[in-house]
Amino acid sequence: RHGVLWQDGAPFTSADVAFTWRAIMDGANPVLSRQGYDEVASIETPDAHTVVLHMRRLFPPIVETFFSESATPYRILPKHLLSRSSNLGEVAFNAAPVGTGPFRLASWRRGDEIVLSANRSYFRGAPRVARIILYVVSNPQTTVAMMRTSAADLAVEVPPLFYHLMVGEPGIVGYQAMAPAWVELAFNTSRPVLRDVRVRRALSFAIDRAALIRGTAFGTARVARGDLTPFSWAFDPRLRPVAYDPARSESLQRAAGWSRGMLTFELAYSAGSASSLALAEELQQQLRAVGVELRLKPYAAAQLFAAAGDGGVLARGTFDTALITWTDGADPDDSALWLCSTIPPGGDNVTRYCSKRMESLQQVALSSFDRAVRKRAYDEIEQLLLRDQPAAFLADTSMLYVLGPRLRGFAPNGISEGWNAQAWSLRRGMYR
């Protein structure tokens, strides 16, 4: 695009794209993963509006990796502000970012609120709303009160229970945006017990997914088949989810050499989430019914998902099972989750699953821009995941939003709720 400016008035150019790639690949900068970016051998910028990527091999998701939501969603950085920094993990920019979007950071009170002001130079047109205040609310009950009293116009990432409580009240509207997001019970296959696929299958057959969704999601989720949801063009509607079969679960436990009541695992989950706690407790009850004990272990989200060097529970593999909600990108590429080379610190394969067949199928899925070729590979990948069960896929989730009576133009697409924020408006010109 021509005429795009950074929010400080500097032109956005191909040099920013090249700078960002080099920053991601620079070992001095702390990044969780370089997947996708490491498939680029070099970058050329023949003019200010053209970027040429010279690839080490074909990588179909490369455009989404650089410019959209992907498995590694880094944003393009302003070269003119950061090129003299030796370590981008320690720059003032991280607390005062500058982007190209419709709203710029005006102020940030940690743990309280972020104020955004309209960027009148936004390339898709000046926003209709003068400013947006983002309130940091840790208690969902507070969110409910704010929406009911019109103290807020929009609630994002609403837990299912509170979404269910609010939607239908006078003036309140709910949005469910289908997304590339799912909930899974991840198994740490580096644990000797969980290395046995019979044990993993036994745990999966013990789960009544439909009951989980009824009890914790209130109609806002669907039983998962794998890690591709109906959002994706690669989703296979013919795939059948794992059946609820307690008798088969107990039979597989015995076949693996475990008598009833012998298996005990720790279940790691994100503390502070009412939905995660409810789901963890329901899983605990369901597995107890087949003689398996889950000991619930809450962790702060920052600790659960941190990099291995920062003590991350998932990245370091210091867990037995974990309740995880994953959000993928616009492309169905899921190689970051299942390749041998993406076991942390190489990526997000926190289950430590490693399969020659998976390696082969992922190579096919990433070898062509032809969707038909890729679709066939992803169909087999999903079947392999159901067979090997490195994780028990529980639910395909939606992004849940609650709107008050004043907001107009809100249209979430499952990837970004703010993609058209410049078009949002408030009734009768009542701006905050």
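Okay, charges to start with. This is a predicted model, and in it the protein chain carries 47 positive and 41 negative charges. If you take the mean position of each set, those two points sit 3 Å apart.

Now the surface those charges belong to. The protein chain exposes about 20000 Å², and 52% of that comes from carbon and sulfur atoms. As for what's hidden, buried residues account for 47% of the 432 in the chain.

So what about overall shape? How does the radius of gyration of the protein chain agree with that of a compact globule? For 432 residues you'd expect a value near 22 Å, and the chain comes out at 23 Å, so the two agree. Along the principal axes, the C-alpha trace spans about 70 × 55 × 40 Å. Look at the contacts too: counting those with a separation of 6 or more, 65% are between residues 24 or more positions apart.

On to secondary structure. We have 14 helices and 14 strands. Let me pick out the hairpin that β1 and β2 make, with two residues between them. β1 is residues 40-47, β2 is residues 50-55, and they run antiparallel with five bridges joining them. If you want a spot to click on, Ser 42 is opposite His 54 of β2. And a reminder while we're on strands: in a regular one, side chains alternate between the two faces of the sheet.

Next, backbone oddities. Most residues other than glycine have a negative phi, and most peptide bonds are trans. Here are some exceptions. Glu 157 isn't a glycine, yet its phi is positive, about 50°. You'll find Glu 157 in the loop between β6 (154-156) and α5 (160-166). Buried or exposed, this Glu 157? Exposed, because its relative accessible area is 67%, and the cut-off for exposed is over 50%.

Phe 218 also has a positive phi of about 50°, and again that's not a glycine. Phe 218 sits in the loop that runs from α7 (209-216) to β8 (221-223). With a relative accessible area of 30%, Phe 218 counts as partly exposed.

Then there's the cis peptide bond, between Pro 344 and Pro 345, with omega about 10°. Pro 345 belongs to the loop between α12 (335-338) and α13 (356-365).

Stay in that loop for a second, since Asn 349 is there as well. Asn 349 has a relative accessible area of 0%, so we call it buried. Which residues does Asn 349 touch, not counting those up to four places away in sequence? Ala 336, Leu 337, Trp 338, Leu 339, Cys 340, Thr 342, Ile 343 and Pro 344. That list includes Pro 344, one partner in the cis bond I just showed you. Trp 424 is another story: 75 residues along the chain from Asn 349, with 38 Å between the two C-alpha atoms.

Last one, Ser 270, in strand β9, which covers residues 264-270. Ser 270 comes in at 16% relative accessibility, so it's classed as buried, the cut-off being under 20%. Leave out neighbours within four places in sequence, and Ser 270 contacts Ser 276, Tyr 299, Ala 301 and Leu 304.

That's my tour, so let's open it up.

Terms used: Residues are numbered from 1 along each chain as its sequence is written. This is a predicted model: local features need pLDDT of at least 70, side-chain atom pairs count only at pLDDT 80 or more; totals for chains, interfaces and linings use all residues. Side-chain values use heavy atoms; hydrogens and water are left out. Helices (H or I, at least four residues) and strands (E, at least two) are DSSP runs, numbered from the N terminus. The radius of gyration is taken over C-alpha atoms; the globule rule is 2.2 Å times the number of residues to the power 0.38. Buried means under 20% relative accessible area, exposed over 50%, partly exposed in between (1.4 Å probe, protein chains only). Contact means heavy atoms within 4.5 Å. Accessible areas come from the Shrake-Rupley method with a 1.4 Å probe; for residues, only the protein chains shown count as cover. Lys and Arg count as positive and Asp and Glu as negative; His and the chain ends are not counted. The place of a charge is taken as NZ of Lys, CZ of Arg, CG of Asp or CD of Glu. Two strands pair if DSSP finds at least two bridges between them.
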